[in-house]
Amino acid sequence: MAAETDTQADYIRKRSFDRAYFKDMVVAYLRTYREARWPEIEDLLLDRVSDALNEKQKREFIKSLLKEMRKEGTIVTVGKTRGAKWVLTPSSSKKV
């Protein structure tokens with residue numbers, strides 16, 4: 001019985017949420033705090049990304065997600081390199 005429970009718990013940890021879940025988290029964070037730098041985004045999402053990925057893959061997933069959100073027009077990057085931060089686009093911040 002314990003082995004089966006461990007397998008089920010392991011499956012849940014390794015199963016990833018869909019991309020919309022992560023995007024919603026980023027939008028909710030930005031609505032609350034107006035902006036976010038990389039460490040804040042990483043802190044928000046890293047432990048929720050599938051445990052099937054290693055740390056490097058998890059970070060790449062987050063980068064990819066932010067890039068996708070930027071291309072969709074949900075967020076914009078302000079600044080460059082280490083000082084960069086993400087904010088909602090004006091149209092995204094008005095949506096409820």
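Two rings of Phe, Tyr or Trp count as an aromatic pair if their centres lie within 6.5 Å. By that rule, a search of the whole structure, which is a predicted model, turns up four aromatic pairs. The protein chain has 96 residues, and 29% of them count as buried. Here's a quick tour, from the overall layout to helix H4, the core and the rings.

**Overall layout**

- The protein chain has five helices and three strands.
- Going along the sequence, these elements come in the order α-α-β-α-α-β-β-α.
- Take the contacts between residues at least 6 apart in sequence: 50% of them join residues at least 24 apart.

**Helix H4, end to end**

- Helix H4 covers residues 55–72, so at 1.5 Å a residue its 18 residues should span 26 Å. The C-alpha atoms at its ends are indeed 26 Å apart, so the expected and modelled spans agree.
- At the start of H4, look for Asn-54: one of its side-chain oxygens comes to within 3.0 Å of the backbone nitrogen of Lys-56.
- Just past the other end of H4, Gly-73 has a positive phi of about 85°.

**The two sides of H4**

- Which residues of H4 are buried? They are Lys-58, Phe-61, Ile-62, Leu-65, Leu-66 and Met-69.
- Looking down the axis of H4, you'd see these buried residues within an arc of 130°, so they line one face of the helix.
- That buried set packs against two helices, H2 (19–33) and H3 (38–45), and against two strands, S2 (75–78) and S3 (85–88).
- Flip to the other side of H4 and you'll find Lys-56 and Lys-71 exposed.

**The nonpolar core**

- In soluble globular proteins, nonpolar side chains tend to be buried together.
- In this model, the largest nonpolar core holds 19 residues. Val-26, Leu-30, Ile-41, Leu-45, Ile-62, Leu-66 and Ile-75 have the most contacts inside it.
- At least two residues of this core come from each of H2, H3, H4 and S3.
- Which element gives the largest share of this core? That would be H2, with six residues.
- Val-26 is a handy residue to click on: setting aside neighbours within four places in sequence, Val-26 touches Ile-41, Leu-44, Leu-45, Leu-65, Leu-66 and Met-69.

**The aromatic rings**

- Among the four aromatic pairs is Tyr-21 with Phe-22, an edge-to-face pair with centres 5.5 Å apart and planes at 80°.
- Are Tyr-21 and Phe-22 buried or exposed? Tyr-21 has 26% relative accessibility, so Tyr-21 counts as partly exposed. Phe-22 is at 0%, so Phe-22 counts as buried.
- Phe-22 also pairs edge-to-face with Phe-61, at 5.2 Å centre to centre and 75° between the planes.
- Why does that second pair tie together separate parts of the chain? Phe-22 sits in helix H2 and Phe-61 in helix H4, so the pair links parts that are 39 residues apart in sequence.
- Phe-61 has 15% relative accessibility, and because buried means under 20%, Phe-61 counts as buried.
- Put together, Tyr-21, Phe-22 and Phe-61 make up one aromatic cluster.

Notes:
Residues numbered from 1 in each chain as written. Predicted model: local features only at pLDDT ≥ 70, side-chain atom pairs only at ≥ 80, totals over all residues. Heavy atoms only, no water. Helix = DSSP H or I, 4+ residues; strand = E, 2+ residues; numbered from the N terminus. Expected span 1.5 Å × (residues − 1). Buried < 20%, exposed > 50% of the residue type's maximum accessible area, 1.4 Å probe, protein only. Arc of directions from axis to C-beta. Contact = heavy atoms within 4.5 Å. Polar contact = N/O pair within 3.5 Å; in protein donor to acceptor, adjacent residues only side chain to side chain. Core = buried A, V, L, I, M, F, W, Y, C linked by side-chain atoms within 4.5 Å. Phe/Tyr/Trp six-rings, centres within 6.5 Å; stacked < 30°, edge-to-face > 60°.
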